[in-house]
Amino acid sequence: QVQLVESGGGLVQAGGSLRLSCAASGSILSIDAMGWYRQAPGKQRELVATITSISSTNYADSVKGRFTISRDNAKKTVYLQMNSLKPEDTAVYYCNVQGHTTGWRTFAYWGQGTQVTVSS
C-alpha cells in the first residue's frame, strides 16, 4: 500500500510563487518517475513536469523557465516550485509517483490534488 499526500496549493496573485510538495509513504522499495500534472475546469489533465530516478527532468512548454521540479529521495518527496505564476496556471495540481513496492510489484499512484488559483 502506497499513500501520497500533497500540500502547498493556494491563492496567489499573478507574478507570485507557490511551492507544491508530494510525500509518498508505505510499502515502497523504490521510486522511479515522479511528476506533476494539472487539470483546469473543462479541460483534460495535462503534464506539467516529470523527474526520473536520476533527476532527468521534462517540462511542458507552457511552464519552462518558470517552474522547477525536484525530488528528495530520502524523504520520498517531489516538489514543484512555481514562479511568475499566471492566471492560466489556475488548476488542480496532481502528483504522480511510480515505483516498486517491497513485494516487488510496480505501482503508479495519484495524489489527491491541490488547488492552485492565480488571480489577475
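**Strands, core and aromatic contacts in a predicted model**

Ser70 of strand β7 stands opposite Tyr79 in β8, where strands are DSSP runs (E, at least two residues) numbered from the N terminus. The structure is a predicted model, in which local features need pLDDT of at least 70 and side-chain atom pairs count only at pLDDT 80 or more, whereas totals for chains, interfaces and linings use all residues. Residues are numbered from 1 along each chain as its sequence is written, and side-chain values use heavy atoms, with hydrogens and water left out.

Strands β7 and β8 (residues 77–82) pair in the antiparallel sense over six bridges, two strands being taken as paired if DSSP finds at least two bridges between them. Strands of a sheet pair through backbone hydrogen bonds, either parallel or antiparallel. An open sheet of four strands, with antiparallel pairing, has the order β1-β3-β8-β7. Its edges are formed by β1 (2–7) and β7 (67–72), each of which has a single partner strand, so one side of each is left without a neighbour in the sheet. On average, neighbouring strands of this sheet are turned by 15 degrees against each other, direction ignored, the axes being lines fitted to C-alpha atoms and the angles between N-to-C directions running from 0 to 180 degrees.

At the β1 edge, six bridges join β1 to β3, the two strands running antiparallel, and Leu4 has Ala24 in β3 as its bridge partner. The side chains alternate along β1: Val2, Leu4 and Glu6 point to one face and are buried, while Gln3, Val5 and Ser7 point to the other and are not. Here buried means under 20% relative accessible area, exposed means over 50%, and partly exposed lies in between (1.4 Å probe, protein chains only). Ser21, found in strand β3 (residues 18–26), is buried, with a relative accessible area of 17%. Leaving aside neighbours within four places in sequence, Ser21 is in contact (heavy atoms within 4.5 Å) with residues including Val5, Trp36 and Tyr79.

A nonpolar core is a set of buried Ala, Val, Leu, Ile, Met, Phe, Trp, Tyr and Cys residues joined through side-chain atoms within 4.5 Å. The largest such core has 31 residues, of which Trp36, Leu80, Met82 and Tyr93 touch the most other members. At least two residues of this core are supplied by each of β1, β3, β4, β5 (46–51), β7, β8, β9 and β11 (114–119). Apart from neighbours within four places in sequence, Met82 is in contact with residues among them Leu18, Phe67, Tyr93 and Val116.

Strand β9 (residues 91–101) pairs with β10 in the antiparallel sense over five bridges, and His100 stands opposite Thr106 in β10. The two strands form a hairpin with four residues between them, and Trp104 in the turn has a positive phi of about 65 degrees.

Rings of Phe, Tyr and Trp (its six-membered ring) pair if their centres lie within 6.5 Å; planes under 30 degrees apart count as stacked, over 60 as edge-to-face and the rest as tilted. By this rule there are two aromatic pairs. The ring centres of Tyr37 and Trp110 are 5.0 Å apart and their planes stand at 70 degrees, so this pair is edge-to-face. Tyr37 lies in strand β4 (residues 28–39) and Trp110 in strand β10 (residues 106–110), so the pair ties together parts that are 73 residues apart in sequence. The pair of Phe107 and Tyr109 is tilted, with 5.8 Å centre to centre and 45 degrees between the planes.
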